[in-house]
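Here is a short note to help you find your way around this structure. Take a look at the model first, and then we can go through it point by point.

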Amino acid sequence: MSKGDIEVIGPYLGVRRYRTKANNTQILAGEPAIVGNSNYAIAMVDGKPVVGTDSFLGIAQVDDTRTASLDGRVSIVTPI
(Lines give C-alpha, C1' and ligand atoms only; values in the text may rest on other atoms or scores of the structure.)
Protein backbone atom coordinates (compact mmCIF):
# COMPACT_ATOMS: atom_id res chain seq x y z
CA MET A 1 0.00 0.00 0.00
CA SER A 2 1.05 3.61 -0.20
CA LYS A 3 0.54 6.78 1.78
CA GLY A 4 -2.98 8.20 1.70
CA ASP A 5 -4.75 5.06 0.42
CA ILE A 6 -7.73 5.46 2.76
CA GLU A 7 -9.27 8.50 4.44
CA VAL A 8 -11.90 8.46 7.20
CA ILE A 9 -14.56 11.01 6.19
CA GLY A 10 -17.48 9.96 8.37
CA PRO A 11 -17.92 9.81 12.11
CA TYR A 12 -15.26 8.03 14.11
CA LEU A 13 -14.75 6.94 17.71
CA GLY A 14 -11.56 8.91 18.21
CA VAL A 15 -7.81 8.82 17.72
CA ARG A 16 -5.61 6.56 19.82
CA ARG A 17 -1.84 6.13 19.88
CA TYR A 18 -0.37 2.64 19.54
CA ARG A 19 3.17 1.32 19.81
CA THR A 20 4.94 0.14 16.67
CA LYS A 21 7.75 -2.42 16.67
CA ALA A 22 11.25 -1.58 15.46
CA ASN A 23 12.17 -3.03 12.07
CA ASN A 24 8.54 -3.81 11.07
CA THR A 25 6.98 -2.46 7.87
CA GLN A 26 6.26 1.24 8.38
CA ILE A 27 2.61 2.26 8.76
CA LEU A 28 2.01 5.31 6.56
CA ALA A 29 -0.81 7.84 6.98
CA GLY A 30 -3.99 6.49 5.37
CA GLU A 31 -3.07 2.82 5.69
CA PRO A 32 -5.13 0.27 7.65
CA ALA A 33 -3.57 -1.28 10.77
CA ILE A 34 -4.21 -4.41 12.82
CA VAL A 35 -2.98 -5.70 16.19
CA GLY A 36 0.28 -7.62 15.92
CA ASN A 37 2.33 -9.60 18.43
CA SER A 38 2.50 -8.15 21.96
CA ASN A 39 -0.21 -5.59 21.13
CA TYR A 40 1.91 -3.62 18.67
CA ALA A 41 0.16 -2.01 15.70
CA ILE A 42 1.25 -3.43 12.34
CA ALA A 43 0.42 -2.54 8.76
CA MET A 44 -2.35 -4.65 7.24
CA VAL A 45 -0.91 -6.58 4.28
CA ASP A 46 -2.42 -8.71 1.52
CA GLY A 47 -4.49 -11.59 2.88
CA LYS A 48 -5.29 -9.77 6.12
CA PRO A 49 -7.31 -9.49 8.27
CA VAL A 50 -8.08 -13.14 8.92
CA VAL A 51 -11.57 -13.56 10.40
CA GLY A 52 -11.40 -14.80 13.98
CA THR A 53 -7.65 -14.18 14.22
CA ASP A 54 -6.80 -10.53 13.50
CA SER A 55 -8.21 -7.42 15.19
CA PHE A 56 -8.67 -4.32 13.01
CA LEU A 57 -7.51 -1.11 14.72
CA GLY A 58 -8.36 1.53 12.13
CA ILE A 59 -6.64 3.90 9.72
CA ALA A 60 -3.31 5.61 10.47
CA GLN A 61 -3.68 9.37 10.83
CA VAL A 62 0.07 10.04 10.53
CA ASP A 63 3.19 8.04 9.59
CA ASP A 64 4.55 5.92 12.44
CA THR A 65 7.79 7.00 14.14
CA ARG A 66 9.58 3.64 14.42
CA THR A 67 13.09 3.14 13.04
CA ALA A 68 15.16 0.06 12.26
CA SER A 69 16.41 -0.09 15.85
CA LEU A 70 13.84 1.80 17.96
CA ASP A 71 10.14 1.21 18.64
CA GLY A 72 7.82 4.06 17.75
CA ARG A 73 4.19 5.20 17.90
CA VAL A 74 1.38 5.84 15.44
CA SER A 75 -1.98 7.62 15.78
CA ILE A 76 -4.90 5.46 14.58
CA VAL A 77 -8.41 6.72 13.74
CA THR A 78 -11.10 4.16 14.63
CA PRO A 79 -14.12 4.52 12.30
CA ILE A 80 -17.60 3.66 13.52
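1. How many helices and how many strands does the secondary structure of the chain come to? The chain has 0 helices and 5 strands. Please keep in mind as you read that this is a predicted model.

2. Following the sequence from start to end, you will meet the pattern β-β-β-β-β. The chain is as compact as a globular protein of its length, because its radius of gyration of 12 Å is close to the 12 Å that the globule rule gives for 80 residues. If you would like dimensions, the C-alpha trace spans about 35 × 25 × 20 Å along its principal axes.

3. Now for contacts and surface. Among contacts in the chain with a separation of 6 or more, 60% are between residues 24 or more positions apart. Of the 80 residues, 34% count as buried. The chain exposes about 5000 Å², and carbon and sulfur atoms supply 50% of that area.

4. Next, the largest pocket, which has a volume of about 150 Å³. Which strands each supply at least two residues of its lining? They are β1 (12-20) and β4 (56-60).

5. To find this pocket on your screen, pick out its lining residues: Ile6, Glu7, Val8, Tyr12, Val15, Ala29, Gly30, Ile59, Ala60, Gln61 and Val77. By type, the lining divides into 8 nonpolar, 2 polar and 1 charged. Glu7 is the charged one, while Gly30 and Gln61 count as polar.

Key. Residues are numbered from 1 along each chain as its sequence is written. This is a predicted model: local features need pLDDT of at least 70, side-chain atom pairs count only at pLDDT 80 or more; totals for chains, interfaces and linings use all residues. Side-chain values use heavy atoms; hydrogens and water are left out. On a 1 Å grid over the protein atoms alone, a cavity is a set of points where a 1.4 Å probe fits but cannot get out, and a pocket is an open set with protein on both sides within 12 Å along at least five of seven lines; lining residues have an atom within 4 Å of a point. Grid points are joined across faces, edges and corners, and a volume is the space filled by probe spheres set on the points. Helices (H or I, at least four residues) and strands (E, at least two) are DSSP runs, numbered from the N terminus. The radius of gyration is taken over C-alpha atoms; the globule rule is 2.2 Å times the number of residues to the power 0.38. Buried means under 20% relative accessible area, exposed over 50%, partly exposed in between (1.4 Å probe, protein chains only). Contact means heavy atoms within 4.5 Å. Accessible areas come from the Shrake-Rupley method with a 1.4 Å probe; for residues, only the protein chains shown count as cover.
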